[in-house]
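These are my notebook entries on empty space and aromatic ring pairs in one protein model. The structure is placed here for reference before the entries begin.

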Amino acid sequence: MLQFLLTLMLFIMPFLLAQKDSPHLGLHTGLWVSLFFWGRLHPFFSILIFTVSVFYYIVVQRNESAWSSLPGLENLTWSHVWIPRSRTRPLTAFLAVLIIFCAFGNVCADYGAALNLNPLIQESALFLGFAGSLTGPILFGACSDKKGPFSAFMWLLLVGLGALAFIALSPDFPYFFPLGSLLIQVVICGVFTLMPQLLLRFYGKPQLHFVLPFLLLFLAGLWSGALFFYHGADALPQDYLLSMVFLLVMALPLARKAWRRRLGVL
């Protein structure tokens, strides 16, 4: 139950932070997501950061409400800000594929245990994985600010493929395993920083308020279902590694197709 609650917080928090206009929104969001992942040491840290982000959101919304009360904006209605969106299926499919990929993130530790790697190597992989979860959101947030969310996601997918390659080579080259663990956590945690940046480009802030509850409910359910399958299916860790490769390969054309259709969504 606690794990599900923390997962839900992780889905919601980046979008709460995206309500404030900032020239460095990606880095701003990445710093908060990085702080949230200190909860890997103890859940209290994640709960504390999420609580602070909720208060931050309330303050920002209060300022936005004061701005919307200016003359000329008082007649703005729901029909003025809500426009049904079409051509968003590739975008939804792209996010769904990435969420399933993230749900399989524990495969690294399981694969290392199955290979009976040196305990020092496995401990190094755990430490570097934790370091990756702290640095990944910041790195990809800064990349999003500089290159845009689509380019940042392309880099994320390439880094993910590289991480899986390092992990796959670890039976012959055991010292590749900690590096693969580092990169896979960089990618997984970077997804939660880039996701709100990409959705803001597609929908805009007013539209996102209406789309987000349904989208997050769908993604959270998909995450839970993928985790249930991961823990319940009788499959080897290398099978999940192979499936993660296929997921990233699927994500590449979906991302390109969604980005080409963005002008039809705006």
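**Entry 1: the largest pocket.** I took a pocket to be an open set of grid points with protein on both sides within 12 Å along at least five of seven lines. I note that the model is predicted. I looked up the largest pocket and found about 710 Å³ of space in it. It is lined by 28 residues, and those closest to its centre are Gln3, Phe37, Arg40, Asn106 and Gln185. I then asked which elements supply at least two residues of this lining. They are helix H1 (2–17), H5, helix H6 (107–114), helix H7 (119–147), H9 and helix H10 (205–232). H9 gives the most, with 6 residues. By character, the lining divides into 16 nonpolar, 11 polar and 1 charged.

**Entry 2: Gln185.** I followed Gln185 further, as one of the residues closest to the centre of the largest pocket. Gln185 belongs to helix H9, which covers residues 176–203. Is Gln185 buried or exposed? Its relative accessibility is 12%, and because buried means under 20%, Gln185 counts as buried. Apart from neighbours within four places in sequence, I found Gln185 in contact with Arg40, Gly105, Gly129, Gly132 and Ser133.

**Entry 3: the cavity.** I next looked for enclosed space and counted 1 cavity of 30 Å³ or more. The largest cavity has a volume of about 40 Å³. Its lining consists of Leu91, Phe94, Phe150, Phe153, Leu198, Phe202, Ala255, Ala258 and Trp259. Two or more of these residues come from each of helix H5 (89–103), helix H8 (149–168), H9 and helix H11 (237–260). H11 gives the most to this lining, with 3 residues. I recorded 9 nonpolar residues in the lining of the largest cavity, with no polar and no charged ones.

**Entry 4: aromatic pairs.** I counted 14 aromatic pairs. For Phe11 and Phe192, the ring centres are 5.6 Å apart and the planes stand at 75°, so I entered the pair as edge-to-face. Phe11 lies in helix H1 and Phe192 in helix H9, so this pair ties together parts that are 181 residues apart in sequence. Phe11 is buried at a relative accessible area of 1%, and Phe192 is buried with a value of 1%.

I also looked up Phe94 and Phe153, which form an edge-to-face pair, 5.1 Å centre to centre with 85° between the planes. This pair links distant parts of the chain, with Phe94 in helix H5 and Phe153 in helix H8, 59 residues apart. Both Phe94 and Phe153 are buried. Finally, I noted a cluster in which ring pairs link Phe104, Phe229, Tyr230 and Tyr240.

Conventions: Residues are numbered from 1 along each chain as its sequence is written. This is a predicted model: local features need pLDDT of at least 70, side-chain atom pairs count only at pLDDT 80 or more; totals for chains, interfaces and linings use all residues. Side-chain values use heavy atoms; hydrogens and water are left out. Helices (H or I, at least four residues) and strands (E, at least two) are DSSP runs, numbered from the N terminus. Buried means under 20% relative accessible area, exposed over 50%, partly exposed in between (1.4 Å probe, protein chains only). Contact means heavy atoms within 4.5 Å. On a 1 Å grid over the protein atoms alone, a cavity is a set of points where a 1.4 Å probe fits but cannot get out, and a pocket is an open set with protein on both sides within 12 Å along at least five of seven lines; lining residues have an atom within 4 Å of a point. Grid points are joined across faces, edges and corners, and a volume is the space filled by probe spheres set on the points. Ala, Val, Leu, Ile, Met, Phe, Trp, Tyr, Cys and Pro count as nonpolar, Asp, Glu, Lys and Arg as charged, and the others, Gly among them, as polar. Rings of Phe, Tyr and Trp (its six-membered ring) pair if their centres lie within 6.5 Å; planes under 30 degrees apart count as stacked, over 60 as edge-to-face and the rest as tilted.
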